[in-house]
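Student: I've got a protein model open and I'd like to understand the words people use for it. Can we go through it together?

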Amino acid sequence: MENPVLIFGAGSLGLTALDIFQRNGVVVYGLLDDDKNVHGKEFGDVSVLGETDDDGFLKLIGQKCEAFVALDDTRVRKKLVKMLNDRRHIQPVNAIHDTATVSTLANIGHGNLIAARTVVNPFAEIGQHCIIQSGAVIDSQAKLGDYVHIGTGSFINSGATVEEGAFIGTGVTVVAGVTIGKNARIGAGSVVIESVAAGTTVFGNPAQKVG
């Protein structure tokens, strides 16, 4: 990537993205965040420049600058992606850690964060604007929808499907062929051996519905 990048979000996810881009030799122009308390704060040689809807910075995005949205809140992330699509006519770039192993045969969309030591195996499919945290494994022919969050050290086995907006906690195992429905939530350490309905929260080994 030749252009510098603006990162939307100055929290832990934004700092993870900052580290990824810098490790990959990409210049980070700055961070944008709606929390005025962090405006002007510096992380190394990169500053929090202003709010996420600041036209002075947004107008740079396009030919001169790329964008990456690094916010945990899916609702806010969707809003910012839509704003970038509508106002700047661009898709956010991917942030892929240099220690991640991503097969050239995998299919990956835009705006994803793939953290350190993640493995994405052949013919896995990753949608757009997903967060895949350190050490996760997305096995061959597994499918992730858009805005999926995969926690640290989780294992999505071959042929499993995780639908849009689902949240997979830390250290979860999703066995082969299982489907995790849209906006479902899987508690940390769970082992999911059967499909989970949309909007459902499950936890445990084996994972059981909560509430």
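**Strands, helices and cores**

Tutor: Let's start with one pair: Leu31 has Val48 in strand 4 as its bridge partner. Keep in mind that this is a predicted model.

Student: What makes strand 2 and strand 4 a pair, and which way do they run?

Tutor: Strand 2 (residues 28–32) is joined to strand 4 by two bridges. Pairing takes at least two bridges, so the two strands count as paired, and they run parallel.

Student: How do you know that strand 3 pairs with strand 4, and in which sense?

Tutor: Again, count bridges. Strand 3 (residues 42–43) shares two bridges with strand 4, in the antiparallel sense. Phe43 has Val46 as its partner there. The hairpin of these strands has two residues between them, and Gly44 takes a positive phi near 65 degrees.

Student: Why is strand 4 called mostly covered?

Tutor: Strand 4 covers residues 46–50, and four of its five residues are buried. Buried means under 20% relative accessible area.

Student: Now the helices. How do you know that the length of helix 1 agrees with what it should span?

Tutor: Helix 1 (residues 12–23) has twelve residues, so at 1.5 Å a residue it should span 16 Å. Its end C-alpha atoms are 17 Å apart, which agrees.

Student: Which residues of helix 1 are buried, and what puts them on the same side?

Tutor: They are Leu13, Gly14, Ala17, Leu18, Ile20 and Phe21. These buried residues cover an arc of only 165 degrees around the axis, and that puts them on the same side of helix 1. There's a general reason for such patterns: an α-helix has 3.6 residues a turn, so residues three or four places apart point the same way. Just after helix 1, Gly25 has a positive phi of about 75 degrees.

Student: What about helix 3: how do you know its span agrees?

Tutor: Try the same check. Helix 3 (residues 74–88) has 15 residues and should span 21 Å at 1.5 Å a residue; its end C-alpha atoms are 20 Å apart, so that agrees.

Student: Which residues of helix 3 are buried, and why do we say they line one face?

Tutor: The buried ones are Arg77, Leu80, Val81, Met83 and Leu84. Seen down the axis, the buried residues of helix 3 fall within an arc of 155 degrees, so they line one face. They pack against strand 1 (5–8), helix 2 (55–58), strand 5 (66–69) and strand 12 (131–132). Turned away from that buried side are the exposed residues Arg75, Lys79 and Lys82.

Student: What makes Asp73 a cap for helix 3?

Tutor: Look at the N-terminal end of helix 3: a side-chain oxygen of Asp73 lies 2.9 Å from the backbone nitrogen of Arg75. The cut-off for a polar contact is 3.5 Å. Just after helix 3, His89 takes a positive phi of about 55 degrees.

Student: Why does His149 count as buried?

Tutor: His149 has 11% relative accessibility, so it counts as buried. His149 lies in strand 15 (residues 149–150), and its side chain makes a polar contact of 3.4 Å with that of Gln133.

Student: What makes strand 7 and strand 22 edge strands?

Tutor: Each of them pairs on one side only. They belong to an open sheet of six strands in the order 7-10-13-16-19-22, with parallel pairing. Inside that sheet, strand 10 (residues 119–120) and strand 13 (residues 137–138) pair over two bridges, and Val120 has Ile138 as its bridge partner.

Student: Where else does Ile138 turn up?

Tutor: In the largest nonpolar core, which has 29 residues. Ile138, Leu144, Ile150, Ile156, Ile180 and Val192 have the most contacts inside it. Leaving aside neighbours within four places in sequence, the contacts of Ile156 include Ile138, Leu144 and Val174. A second, separate core has 21 residues, among them Leu13, Val46, Val48 and Phe68.

Student: So Val48, from the start of our chat, is in that second core!

Tutor: Yes, and Leu13 from helix 1 is there too.

How values were computed:
Residues numbered from 1 in each chain as written. Predicted model: local features only at pLDDT ≥ 70, side-chain atom pairs only at ≥ 80, totals over all residues. Heavy atoms only, no water. Expected span 1.5 Å × (residues − 1). Buried < 20%, exposed > 50% of the residue type's maximum accessible area, 1.4 Å probe, protein only. Arc of directions from axis to C-beta. Contact = heavy atoms within 4.5 Å. Polar contact = N/O pair within 3.5 Å; in protein donor to acceptor, adjacent residues only side chain to side chain. Core = buried A, V, L, I, M, F, W, Y, C linked by side-chain atoms within 4.5 Å.
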